[in-house]
Amino acid sequence: MTRIAIDPITRIEGHLRLEVEVSAGRVKDVWSTGAMFRGIERIIEGRDPREAWIFAQRVCGVCTHVHALASVRAVENALHITVPPNARLVRNILAGTLAVQDHVVHFYHLHSLDWVDITAALSADPTTTATLARANNPNWANNTAAWFAQVQSTLQTYVGSGQLGPFSNGYWGHPAYKLTPDQNLLFFAHYLEALDFQRETVKIHAILGGKNPHPQTYVVGGMSLGFGPDVPAGANPANLATVSAIAATAKAFTDAVLLPDVVLLAKVYKNPWASLGAGVGNFLTYGDYPETSAESKGQVVTPPPGGFPSDGDPGEGRRGDDDRRNRHDDEHDDEHEGEGDDHDDEHEGEGDEHDDEHDDRGGGFTNLFPAGRVTRMHLDGDVREVDQMHVAETVARSWYEYNGRGGDAQLLHPWDGETEPVYSGPTPPYKMITTPKYTWLKAPRYDGDVYEVGPLARLTVGYAARRPEIRSAVDGFLRAAGLSRRQWFSVIGRIGARALETQLIANHMLVWAAQLQANQAGGDLRIADNTKWEPATWPATAKGFGTVEAPRGSLGHWVKIDSQKVSGYQMVVPTTWNGSPRDGEGKRGAWEQALVGIPLVDPTRPLEVLRAVHSFDPCMGCSVHVHDPGGTGTTSVTVV
Amino acid sequence: MPVQPWSTLVLGIGNLLAGDDGLGPSAVERLTTLANELPPGTDVVDGGTCGLFLLSYLVGVDSLIAVDATEFGVLPGTVRVLRDLAPTESIMSAPSMSVHQAGLADLLTAARLSGCLPPRVTLVGVQPSVIADMTIGLSDAVSAALDVCCAAVIREAWAASPAERDLTCA
């Protein structure tokens, strides 16, 4: 594909760049360079805080909803606004819809081609592929030889012409591809069906988010959405029934296609990919998809001095004071051997229940994905609390300067954050960035430590927090794929976590839709709390934070309000966590660590690096630059 | 196949926070106020930078008119129309296509793969001057071209539509 010469650094959806040093056939060191969100703070500062979300959502083309949501939550947190249950449910459904379709698109359309050699699919036998499909995806109707022949024909039109179009960037024929021709064809067929899937699923956004792809229905205080039995558009009974029907379709695809496919991929590639790419082993999540309506705390709780009171406790995320929950550490250790076939059965019917066992402390949050931190890959370890006050960013190795006394290496909380760009990298065009500062991404840290965010973090924390449906999902996956618990922390585990999470969210979307319908039928039509809409009701100054567990990981927006205007705004986004550079102490970021040790068969075709970094679902196109000191020099490879 | 009314989709593509990259959304905003000059059955959508996620908007569309900042290598503000775009390799490899090349090309290719590619695809492109992140507002040159751009969209929409344009109302 031809690239138009726009400096990546000036593009919002810019490029991720990796510089990789290879030694003896393995990645020895990594530098992650990214361009993101530079200056969003300046766009929003000075504006009406009620309008901040409209600008914030434009920061990213794909993740519009999560930025809108984080922004309204931040302002609601600052102004102590509690959204009504119906607004919470609509927000959950909108965020869930994005997560489900985004995860499916990531797996099939962005990541699967790292594992699936589509050119090899041309030599598949449609008849035996159909047999494979009936075994792998027994609950999916499209499994006939005629269908796979048709898919093969579609593929042939691209490959046969000699011009691969969207597939022209693949490393086809690379020796690291391991699937059989039939397996490749099966995956490509589902690649096509996933296009249809996402096309349908996104219609929920049109119903609840407004007609345009950019959501229009968010409002500080709730949702600005028709909600009632007689409204002509928005959430009326007919449209809610449609939402339910689409959610059911999404669940069916997730159950019958996505999960079995990911298990198949895991079985084929677990050696070595279930033992590679673990990375930092520290996991953080703010928690999300609130199942109860409590006062908006932006999803993260800041404990008062002396700890939490007995009510208003977030519940999840704190186990250090509760030894009772630490006694089960080894009970699952023997369950992961062998290749269980009952994987799908593990998840049936779980969408209708939610475990409140650990959360019924009165008024606290219950999130589908609990907040917390797990360190050192302890799947059954303590879940430590997450307090947003401990999140801070350094620019020691980033192209910014802090004006404060502490210098660039200090860790600044987002409320005190500064965004003063000072480029000190090489003058383009360049081959390698050898300057001390090497990225536009800041380095977020929690208590100074590096953390991974995203699906693997969410499910690891949920597992450690002993959420039954999360434990069941993870154990079922490990059993079905024949993985040890240690192998959960790997490239394969990251892919599995994303698929399992898709299924969990799809299950719950049906519940949320049913709750909305029940509320409406029962006469609860509240959709927004407008009591603090007028700026005259606000304090002179306020500050708040809003967090969202976005598809790629933990997203936070921090806002300061002064004289009814935004006086400060900072975002810490998932790819900044995972793709962060080194900090002042030289600690590498999450995927910088995960890539070290990855084997490379052919440094000029670094497929293995892509597998590892794509398992994080980075939100940018990715160009990889491989440096081989002992070899023939430098290779630059551009991959989208 | 059931007979359905002719459907036109005007899809503005680009990022409002990136200077002239906001041409598409800005044109959509302008065209929304000119809705009665467009043929019946026309939807005007601000697609932002949503790429693949716009696929559902293409279902059932007879005529797609994409509006985008486009690198033609000419003077900023120049408006050009590319008709009957083939969403094939040619659009991927053309050296001077939309600066959202990946987004638009991916979208059209995905549409082709999933069988919802509109029969007619037109690109109304405007040569950008400044593409810079976190800059709201078009450059003077592109801003001045908005009227021409919107007029081109309206003309192309009618040209593709079977409906007769009643110029007395225009």
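**Entry 1: the three-stranded sheet of chain A**

I began with a single pair, and found that Trp558(A) stands opposite Gln570(A), the latter lying in β13(A). I note here that I am reading a predicted model. From that pair I moved to the strands themselves, where seven bridges join β12 (residues 553–562) of chain A to β13(A), and the two run antiparallel. I then looked up the sheet to which they belong, an open one of three strands in the order β11-β12-β13 (chain A), with antiparallel pairing. The strands β11 (541–550) and β13 (565–572) of chain A stand at the edges and have a single partner strand each, so one side of each is left without a neighbour in the sheet. I recorded that neighbouring strands here are turned by 15° against each other on average, direction ignored. Helix α3 (residues 64–79) of chain A packs on this sheet and touches β11, β12 and β13 of chain A, its direction making about 145° with that of β11(A).

**Entry 2: a helix pair in chain A**

Next I looked at helix α10 (residues 455–464) and helix α11 (residues 468–481) of chain A, which pack at an angle of about 115° with their axes 8 Å apart. The crossing of α10(A) past α11(A) is left-handed. I listed the residues that make the contact: Leu459(A), Gly462(A) and Tyr463(A) come from α10(A), while Ile470(A), Arg471(A), Val474(A) and Asp475(A) come from α11(A). Sorted by class, the contact of α10(A) with α11(A) has four nonpolar, one polar and two charged residues.

**Entry 3: chain B as a whole**

Turning to chain B, I counted six helices and five strands in its secondary structure, and from the N terminus on I read the elements as β-α-β-α-β-β-α-α-β-α-α. Of the 170 residues in chain B, 59% are buried. I also noted that, among contacts in chain B between residues at least 6 apart in sequence, 81% join residues at least 24 apart. Chain B exposes about 6,600 Å², of which carbon and sulfur atoms supply 55%.

**Entry 4: the five-stranded sheet of chain B**

In which order do the five strands of the open sheet in chain B lie? I read the order as β2-β1-β3-β5-β4 (chain B), and the pairing is mixed. Both β2 (42–48) and β4 (79–82) of chain B stand at the edges with a single partner strand each, so one side of each lacks a neighbour in the sheet. The twist averages 20° from one strand to the next.

I then followed β1(B), which is joined to β3(B) by six bridges, the two running parallel; within this pairing, the bridge partner of Leu11(B) in β3(B) is Ala66(B). Six bridges also join β1(B) to β2(B), again with the strands running parallel, and in β2(B) the bridge partner of Ile13(B) is Gly48(B). As for cover, six of the six residues of β1(B) are buried. Both faces of β1(B) are covered, with Thr8(B), Val10(B) and Gly12(B) buried on one side and Leu9(B), Leu11(B) and Ile13(B) buried on the other.

At the β4 edge, I found four bridges joining β4(B) to β5 (residues 120–126) of chain B, and these strands run antiparallel. Arg80(B) stands opposite Gly125(B) in β5(B). Finally, I checked helix α6 (residues 146–160) of chain B, which lies across β1 (8–13), β3 (63–69), β4 and β5 of chain B and runs at about 170° to β5(B).

Terms used:
Residues numbered from 1 in each chain as written. Chains lettered and ligands numbered in written order. Predicted model: local features only at pLDDT ≥ 70, side-chain atom pairs only at ≥ 80, totals over all residues. Heavy atoms only, no water. Pairing = 2+ DSSP bridges. Axes fitted to C-alpha atoms, helices over the stretch in contact; angles between N-to-C directions. Contact = heavy atoms within 4.5 Å. Left-handed = near helix turned anticlockwise from the far one by under 90°. Nonpolar A, V, L, I, M, F, W, Y, C, P; charged D, E, K, R; others polar. Buried < 20%, exposed > 50% of the residue type's maximum accessible area, 1.4 Å probe, protein only. Areas by Shrake-Rupley, 256 points an atom, 1.4 Å probe, with all protein chains shown as cover.
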